[in-house]
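Visitor: Could you walk me through this one, starting with a helix and then moving to where the chains meet?

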Amino acid sequence: MPDVQPLVSEFVLKLKRRKVEGSHAVARQTAELLRSVVSQHRMGSTNQAATLADAVRAVGQQLIAANPIELAVGNIVRRVLHIIKEEDMSSTAVGIEGLSVTVDSDDEYDSEHDDRPTLSAAVLASHARNALRAPSLQTLLDDIPVSTAISRTASSTGDSDGKSKSGDKTSTKKLKHDVIAAIGDLIDEIDNCYEPISEQAVELIHQNEVILTLGRSKTVKEFLCAAKEKKRSFRVFVAEGAPRYQGHALAKELVEKGIQTTVITDSAVFAMISRVNMVIVGAHAIMANGGVIAPVGMNMVALAAQRHAVPFVVVAGSHKLCPLYPHNPEVLLNELKSPSDLLDFGEFSDCMNFSTQDGSPLLNVVNPTFDYVPPKLVGLFITDT
Amino acid sequence: MDLRRPPRSSSGGVEPKIRQVGFFTPDASGPSETPAAAAAPAAAAPQQQQPGAAAESPPSSDLSPGRLSPVMIPPPRHADLLAPGSPFPAGSDAVLATSAPVASSACFDASSAVGDDDSWSRAPSAAELEENRRGLNEGTPASIPQKPKTSKAERRALQEAQRAAKAAAKEAGLSGKSVGTASVAGPATSKQAKSTKVAQKKDVPQAAGSVASEKKTTERLPERERKKDAPHPRMQFDDVHKVEKAKKRAVVNQSEARNRVELFRHLPQYVHGTQLPDLESKFFQLDPMHPSVYKVGLQYLSGEVSGGNGRCIAMLLAFREAIKDYTTPPNKTLSRDLTAKISSYVSFLIECRPLSISMGNAIRFLKNRIAKLPHTLSESEAKASLQSDIDRFISEKIVLADKAIVSHAITKVRDNDVLLTYGSSSVVEMILDHAHELGRKFRVVVVDSRPKLEGQGLLRRLVAKGINCTYTHINAISYIMHEVTRVFLGASSILSNGTVYSRVGTASVAMVAHAFGIPVLVCCEAYKFHERVQLDSICANELGDPDVILKVPGKADLGHLKDWADNANLQLLNLTYDATPSDYVSMIITDYGMIALAECLATADKRTSHCERISQGAVVDIDSLSYDNNFGDT
């Protein structure tokens, strides 16, 4: 545990200082960090899964506290916790099956099967029940100790590969090994989230479509390029996305792929949207109520799309799906960046005096990073699960 | 985004003819540059005939024979000159067939390539030919044939033959008739107009040369004023043929931009930055251009003067100077010649930057005043009267109107308000200043957008006055709208269905405010109202310089799109205006009163009548509109 602390601190610092930004990068690095945490965790003999989970949870809380707006961190931490529980449960499930078949059980899980005799019927019943319950990210929030993990959902969302790996009951190392393997799968899933999403492109984009997007999202870019590969004809209006102006970069990439692109200013979105067939955008995070945390300006685009009855499609990898409900997201889940993006300090230095009666500055500059799009404005979510 | 209206019907040309009743002269008072073409001596003789016939058969003549008589009588002053034209009527029929195409094409070539409807071409060409005749009459008095004293029937026959020939020549081109109306300006008396026109016909075109010949559609404004129900089609720039012709007449050589957006091919887009050096080199060739007009044109080009009121005032003051220095050339009437000059100035200004609706209305007013000048006035009196008219227009319609708007709007600003404004509107700035002077406590949120970043100027001025301001960019309006209580917007124009035509981005601001339930108040002077209707922002707009989009100030590393012009797949679009639907607007504040559109939408008649009355300058009784109580306590 102690030897992993420097790594954790380093990552916490990076998050605090916003050196690492963007859901994808953050998710990936979080997963890798947690993998290191797990691999360096000294497994005790009893209740390993619980201690492992505690360790991961502690690290996770540090990370989330470093940058609460990077919801991907929390998502990944929860996924890892889920993996741990799931791995553990699959081992115990096998154990339970073994239990139901034979009276003898393996020795490793003595701690969890203390009340083994009483478990049999209830456990089997609950296990059967849980097997039928659909997977839910909500349950990931539960802080149930691993001993009662049997009553939790049996299946997992995307990492069910781990289950097969832990088919046989082996030593303590097996759990760790499985968890690490599963986290590796998670990392791969994060990296390759674009492909399953892009496969949907063909179903959405047909011929002679006009698509509008704002800012730059790698998912959207892959999406559009996939449609282009399938020889669908369409053209794209890219709104530049002040104040970062990443729309320019996206336009350049699209043009290189041979897609007809027009760059427009953000103010022209309403004017142009009447001629647009579809709006496809990326997201920073998707909340549990379906609301979308997206780069600033997206709410304006969504409202305009609703007004003109243009479908609003959000594409996002599953690492952006967050089980939290947003409360006052414009303020709490937002970040105000430097005013220098909007105003040149040198030019406006004469306005920056504080000489009013209450001492407050006459000039405030607001530069939020994110926008909240309520769920009723979104027509379709496309993810990789 | 000029004042051209979309054609009402496919046969739009028929209606104006019917309505021309006593005003055939607008059409008949053809272009001043046709004499340029008519100067071709070869076609002189045959042309004189058909113009002769044409003169007696104004476009509407086939419909109202009874009305022919007053206009068919040639002006007494030119009776002797026209008499020589009479000996040739018999032989003219044969000549007509052949020469009509020649004359028509000559006329068409000479006229500017504006207007697109074929339905217009017939009426104007008849007028054109008439002009030709007149011009020729003056230019070559020796060879002027006597005007035939033909009977009505003969003249009718001539007219029919001529019309047939013209129909054949229609393919040759355009209606080019926008030009003719240069000297029109709604003449009070057609006879005098004709007579004076003959005199000035020759001089004006020769003096003006290419400058005068570029009459664009704006010249139609005076007649449009009368023929309200006959909208003139705008110049559509995707017709290559017409664009070529327009370019030949253009003062400023503009190279069309490469990589134009398909959707906007009907609007002109030129490569910016190439115009100034070209204009400078041409300065000494532009003799008829008054230096103050030239200066204003340059100011438009460089963007120094912008904003509906600012541009309009600058233009009017330049015209005032031009009128002050104007002297009537010999053998011309002041009204005709001055109107022609004004039209040439206007077309120059259009090339610098397309007209705003406020400017178009002001030009219409000025031409109307020139036309209504009593002919008994001496030149200096006329000039003084015009100058005072201009001064009155500026002071009444702009300055006093702004004061009235401020006094109305100040009632909507309460203490602890947070007011949001977009871009930089002169009226809204005045409202904020006045409210601050009155001691109201409020905050202002200034929303700005690329590429013009006009909000920064407004921000600086407000902070200098001590108003508490918040500055943000248009993407952040959803974030900031939670704090806002009122939204004040300016407008370039209000169209007759309540659509607000203003700076691009206004629609988004109004939409988000509406979504948050915040009242949107649009402040617009009454002179900016216009009768046309626009459904979206695409049918009429102004395309700005696309290069501005890729130049982001302060971020030198954004060189992604440096070579955009070379890439056929990449286009940049820089819109200047957009149309805000009326349901986002809660109230329009004008100098005549305040109109709450939400209420008016319930009874459409009321709204249109309000807008119509506003545009016609009627006073809307504020007390009758008890709508401002809506926002009393929100």
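Visitor: How many of the ten residues of helix 13 in chain A are buried?
Guide: First, the fine print: this is a predicted model, where local features need pLDDT of at least 70, side-chain atom pairs count only at pLDDT 80 or more, and totals for chains, interfaces and linings use all residues. Residues are numbered from 1 along each chain as its sequence is written. Helix 13 spans residues 298-307 (helices are DSSP runs of H or I, at least four residues; strands are runs of E, at least two; both are numbered from the N terminus). Buried means under 20% relative accessible area with a 1.4 Å probe, protein chains only, and A:M298 and A:L303 are among the residues that pass, the count being eight.

Visitor: What area do chain B and chain A bury between them?
Guide: Here, 59 residues of chain B touch 56 of chain A, with contact meaning heavy atoms within 4.5 Å. Buried area is the accessible area (1.4 Å probe) that two parts lose on being put together, summed over both. Carbon and sulfur atoms carry 61% of it, and the total is about 4,700 Å².

Visitor: Which residue of chain A meets B:R450 in a salt bridge?
Guide: A salt bridge needs a side-chain nitrogen of Lys or Arg within 4 Å of a carboxyl oxygen of Asp or Glu. The two chains share three of them. In this one the N to O distance is 2.9 Å, and the partner of B:R450 is A:E240.

Visitor: Which residue in strand 3 of chain B stands opposite A:V365?
Guide: Strand 8 of chain A (residues 363-365) runs parallel to strand 3 of chain B, joined by three bridges; pairing takes at least two by DSSP. Opposite A:V365 is B:Y471.

Methods. Chains lettered and ligands numbered in written order. Heavy atoms only, no water. Buried < 20%, exposed > 50% of the residue type's maximum accessible area, 1.4 Å probe, protein only.
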